[in-house]
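Subject: Structure handover, with notes

Dear colleague,

I am passing on the structure we spoke about, together with some notes on what came out of going through it. Please read them alongside the coordinates.

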Amino acid sequence: MTYEIRPLPPGTTASVTAPPAGSARGGGRGGTLVAVSDLHVRYQENRDIVEGLKPESEDDWLLVAGDIGERVSDIRWALELLSSRFAKVVWVPGNHELWTTADDPVQLRGVARYEHLVALCRELGVLTPEDPYPIWEGDGGPVVLAPLFLLYDYTFRQPGVTSTREALARAEKAGVVCTDEHFLHPDPYPTREAWCRARVAATEARLAALPEDLPTVLINHWPVVREPTDPLWYPDFALWCGTEATADWPVRFRAATVVYGHLHIPRLLVCDGVPHQEVSLGYPREWQRRSRVPGRPVRILPAAVAAGDTTGTPA
């Protein structure tokens, strides 16, 4: 028997219920949970790598932690391919999926664009942050898989900087301005910070309602703690990398591990005893410098345990 966590209205207690007959939710007992992010398939070299991604078992689940690409057609191509190969794919959006660029026939912005991508995923059988949280019962389980969509609110500031205005001015002076400022629209929210606050509040309530005897795997495109941004070549870029509001979530919500991307610095970092796995492929100019085979999904469970900072464990 497999189970899923269903989100309930505020003020009620979460329950575990059996899914409908034939549901694929609830990870296969013989499979492995693996993850990848930042596939950026507009680059042909990356597209070739995605075409070669295959599971080692028919029961493997794949977590895709955002930044497949900018055009809806590219996102569909990748998710359709991966969902035909893996037993289940779980997707969270990155900033690139939320861009509205001139060369994409789909000109939806902000929330409307995100909802369009959620509908696309449901058409393909891909799980999203808007779906019931499934329980992974394979190797390393049972754990609740919690795909998150949280954005950022410019609170990953440099020491001594106390306001968003000051932080953005400092970044601009340093020549650091994220492309999100041009292409990631928050409509109908007035700002990206407001959209972030709304996502954090709704997600926090949902996580708090989970059964306290079950650990979680938190899956987000942006890191949920500040520490992963420490090695950035341009420290001011951290502004576009997360929110201080989630700093205690890995411990508070019993994370067996946290999965993220965005930074293009694939590694394992342990914070407060919780492994944080950055699972990005990145741009060709980045992965071509690495010794490891590019694009191999990272095994997420059983969770890696290491002292300090080390590289992730390929599947």
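Which residues lie nearest the centre of the largest pocket, and how many residues line that pocket? Please bear in mind throughout that this is a predicted model. The lining of the largest pocket consists of 26 residues, and those nearest its centre are Phe237, Leu263, His264, Arg285 and Glu286. The volume of this pocket comes to about 850 Å³, and its lining divides by class into 12 nonpolar, seven polar and seven charged residues.

Enclosed space was looked at as well, and three cavities of 30 Å³ or more were counted. The largest cavity has a volume of about 120 Å³ and is lined by 14 residues, with Ser280, Leu281, Arg290, Arg292 and Gly295 nearest its centre. Eight of the lining residues of this cavity are nonpolar, two are polar and four are charged.

For the overall picture, the protein has 315 residues, of which 54% are buried, and it contains eight helices and 13 strands. Among contacts with a separation of 6 or more, 72% are between residues 24 or more positions apart.

The largest nonpolar core holds 66 residues, and the members that touch the most others are Ile68, Leu79, Leu82, Trp91, Leu151 and Leu207. Helix α3, which covers residues 110-124, gives the most to this core, with seven residues. Apart from this core lies another one, of 18 residues, which includes Ala35, Trp61, Val217 and Leu301. To take one member of the larger core in detail, Ile68 touches Leu39, His40, Val41, Asp74, Ile75, Ala78, Leu79, Trp91 and Glu97, once residues up to four places away in sequence are set aside.

Two helices deserve a closer description. In α3, the buried residues are Gly110, Val111, Arg113, Tyr114, Leu117, Val118, Leu120, Cys121 and Leu124, and what covers them includes α2 (72-83), β5 (88-91) and α6 (192-208). As a check on geometry, the 15 residues of α3 should span 21 Å at 1.5 Å a residue, and the end C-alpha atoms are 22 Å apart, which agrees. After α3 comes Gly125, with a positive phi near 80°. In α2, which has 12 residues, the first and last C-alpha atoms are 16 Å apart, close to the 16 Å expected at 1.5 Å a residue. The buried residues of α2 are Val72, Asp74, Ile75, Ala78, Leu79, Leu81 and Leu82, and their cover includes α1 (44-51), β4 (61-64), β5 and α3. Three of the α2 residues just named, Asp74, Ile75 and Ala78, are also among those touched by Ile68.

Where are the backbone features that you may want to check before any further modelling? A cis peptide bond, with omega about 5°, joins Asp187 and Pro188, and Pro188 sits in the loop between α5 (180-183) and α6. The bond from Leu301 to Pro302 is likewise cis, with omega near -5°, and Pro302 belongs to the loop between β12 (298-301) and β13 (309-310). Leu301 is also one of the residues of the 18-residue core.

Positive phi values occur at two residues that are not glycine. Arg254, in the loop between α7 (249-252) and β9 (255-260), has a phi of about 60°, and this residue is partly exposed, with a relative accessible area of 23%. His262, in the loop between β9 and β10 (267-271), has a phi of about 75°, but is buried, with a relative accessible area of 6%.

Lastly, is Tyr154, a loop residue, buried or exposed? Tyr154 is found between β7 (143-147) and α4 (164-173), and it counts as buried, because its relative accessibility is 2% and the cut-off is under 20%. Leaving out neighbours within four places in sequence, Tyr154 is in contact with Thr164, Leu168, Glu181, Arg192, Glu193, Leu239, Trp240 and Gly242. The C-alpha atom of Tyr154 is separated by 7.7 Å from that of Ala167, which is 13 residues away along the chain.

With best wishes

Terms used. Residues are numbered from 1 along each chain as its sequence is written. This is a predicted model: local features need pLDDT of at least 70, side-chain atom pairs count only at pLDDT 80 or more; totals for chains, interfaces and linings use all residues. Side-chain values use heavy atoms; hydrogens and water are left out. A nonpolar core is a set of buried Ala, Val, Leu, Ile, Met, Phe, Trp, Tyr and Cys residues joined through side-chain atoms within 4.5 Å. Buried means under 20% relative accessible area, exposed over 50%, partly exposed in between (1.4 Å probe, protein chains only). Helices (H or I, at least four residues) and strands (E, at least two) are DSSP runs, numbered from the N terminus. Contact means heavy atoms within 4.5 Å. On a 1 Å grid over the protein atoms alone, a cavity is a set of points where a 1.4 Å probe fits but cannot get out, and a pocket is an open set with protein on both sides within 12 Å along at least five of seven lines; lining residues have an atom within 4 Å of a point. Grid points are joined across faces, edges and corners, and a volume is the space filled by probe spheres set on the points. Ala, Val, Leu, Ile, Met, Phe, Trp, Tyr, Cys and Pro count as nonpolar, Asp, Glu, Lys and Arg as charged, and the others, Gly among them, as polar. The expected span of a helix is 1.5 Å times one less than its number of residues.
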